[in-house]
Amino acid sequence: MNLTDRVVVITGGAGGIGAALGRRFAAEGAAAVVLADLAADAARATAEAIGPVATGVGLDVTDEAAVRALVEETERRHGRIDLFCANAGVATGGGIDAPDADWDRAWRVNVLGHLHSARAVLPGMLSRGQGHLLLTCSAAGLLTAVGDAPYTATKHAAVGLAEWLAITYRDAGIRVSALCPQGVDTPMLADGLTEGHLGARVIAASGTILSPDQVADAVIAGLAEERFLILPHPEVADYARRRAEDPDGWQAGLRKLVRKLRAADR
């Protein structure tokens with residue numbers, strides 16, 4: 001996909017990866033960039049900083065009617081949606097004992113948010129025979145998020161949904177990409193490190209922490225090549241290969257890292 005003159009919607013667009021995507025898409029010549037976020041004021045402020053092609057709106061991605069209304073309004077104003085980036089996501093930092101409310105919210109945001117987006121935007125894309133869906137799934141969807149069971153389970157589900165969409169709609173002209181970064185310098189990671197969450201510490205110890213702008217660079221390259229897996233951290237492909245080839249060894253390595261981090265706390 002070439003971003004010139006494209007109409008783009010980004011959920012979770014107020015900050016972090018979503019805001020970086022918005023800035024980069026505008027710089028690439030997008031005709032319109034709609035930043036949708038639960039934090040409506042922050043989305044509007046980000047859009048104002050980007051410039052006149054950007055619009056910020058409030059959106060709860062767990063509300064399917066609201067997602068559908070956003071798609072309909074965008075299509076009414078701009079005629080179409082060329083690229084929909086389902087980027088909103090939440091972490092919990094909990095294990096299997098996390099409250100049911102945390103499990104439910106992780107499911108509704110990290111999985112159903114993608115589903116609601118696809119249901120709303122696909123009819124228009126299919127009628128034109130073209131369009132691109134970008135689902136932010138995280139490297140946790142290919143590997144695991146140590147210390148966060150709800151995040152791990154729902155991100156694996158998100159990758160599965162993205163793959164199903166890619167297989168089902170590719171021949172109808174719809175491209176689907178799963179964005180799977182590892183450590184990114186966003187409030188989600190920073191807050192986890194501040195609070196001492198094990199998962200955040202494992203991420204920080206596992207490789208390079210990229211900036212959101214570096215992730216946006218990888219997205220531009222991945223969209224241009226119409227790749228399904230967009231991996232801002234190339235090493236994630238090696239990790240996934242090792243995990244598939246030797247799951248016992250892969251798990252043993254992670255357990256060793258966890259023991260090392262916990263020993264450092266003593």
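Helices, in the sense used here, are DSSP runs of H or I with at least four residues, and they are numbered from the N terminus. The exercises below apply to a predicted model.

**Exercise 1. Describe the overall build of the chain, from its secondary structure to its dimensions.**

Solution. Begin with the elements: the chain holds 10 helices and seven strands. Next, take the radius of gyration, which is 18 Å and close to the 18 Å that the globule rule gives for 266 residues, so the chain is as compact as a globular protein of that length. Along the principal axes, the C-alpha atoms fill a box of roughly 60 × 40 × 35 Å. Turning to burial, 48% of the 266 residues count as buried. Finally, consider the contacts between residues at least 6 apart in sequence: 70% of these join residues at least 24 apart. As for annotation, the unreviewed UniProt entry assigns "domain: Ketoreductase" to residues 6–182, a span that is 50% helix and 18% strand and whose end C-alpha atoms lie 28 Å apart.

**Exercise 2. Work out which residues of helix 3 are buried and what they pack against.**

Solution. Helix 3 runs over residues 64–78, and its 15 residues reach 21 Å from the first C-alpha to the last, close to the 21 Å expected at 1.5 Å a residue. The buried residues in this helix are Val67, Leu70, Val71 and Thr74. Seen down the axis of helix 3, these buried residues fall within an arc of 95°, so they line one face of the helix. The partners against which they pack are strand 1 (7–11), strand 2 (32–37), strand 3 (54–58), strand 4 (83–86) and helix 4 (100–128). The two ends of the helix complete the description: at its start, a side-chain oxygen of aspartate 63 comes to within 3.2 Å of the backbone nitrogen of alanine 65, and just after the helix, glycine 79 takes a positive phi of about 90°.

**Exercise 3. Place aspartate 37 in its surroundings, and decide whether the residue is buried or exposed.**

Solution. Aspartate 37 is found in strand 2. Its relative accessibility is 14%, and because buried means under 20%, aspartate 37 counts as buried. Setting aside residues up to four places away in sequence, aspartate 37 touches Gly12, Gly13, Ala14, Ala43, Val57, Gly58 and Leu59. With one of these, alanine 14, there is a polar approach, in which the side chain of aspartate 37 reaches the backbone nitrogen at 3.1 Å. A further distance relates the residue to asparagine 87, which is 50 residues apart from aspartate 37 along the chain, with 9.7 Å between the two C-alpha atoms.

**Exercise 4. Characterise serine 138 by its location, backbone angle and contacts.**

Solution. Serine 138 belongs to the loop between strand 5 (131–136) and helix 5 (149–169). At 9% relative accessibility, this serine counts as buried. Its phi is near 80°, a positive value in a residue other than glycine. Most residues other than glycine have a negative phi. The side chain of serine 138 takes part in two kinds of approach: to the backbone nitrogen of alanine 140 at 2.9 Å, and to the side chain of tyrosine 151 in a polar contact of 3.5 Å. Leaving aside neighbours within four places in sequence, serine 138 is in contact with Tyr151, Lys155, Leu179, Cys180 and Pro181.

**Exercise 5. Trace helix 8 from its span to the residue that follows it, and state what covers its buried residues.**

Solution. Helix 8 comprises residues 212–224, and its 13 residues reach 19 Å from the first C-alpha to the last, close to the 18 Å expected at 1.5 Å a residue. Buried in this helix are Pro212, Val215, Ala216, Ala218, Val219, Ile220, Gly222 and Leu223. Their cover includes helix 1 (16–27), strand 4, strand 5, strand 6 (174–179) and strand 7 (229–230). After the helix comes glutamate 226, whose phi is positive, near 55°. A positive phi in a residue other than glycine also appears at aspartate 5, near 65°, and aspartate 5 is placed in the segment before strand 1.

Technical notes:
Residues are numbered from 1 along each chain as its sequence is written. Side-chain values use heavy atoms; hydrogens and water are left out. The expected span of a helix is 1.5 Å times one less than its number of residues. Buried means under 20% relative accessible area, exposed over 50%, partly exposed in between (1.4 Å probe, protein chains only). The arc is that of the directions from the helix axis to the C-beta atoms. Contact means heavy atoms within 4.5 Å. A polar contact is a pair of N or O atoms within 3.5 Å; within protein, one must be able to donate a hydrogen and the other to accept it, and residues adjacent in sequence count only if both atoms are side-chain atoms. UniProt positions are given in the numbering used here, feature names are shortened, and annotations may be inferred rather than shown by experiment. The radius of gyration is taken over C-alpha atoms; the globule rule is 2.2 Å times the number of residues to the power 0.38.
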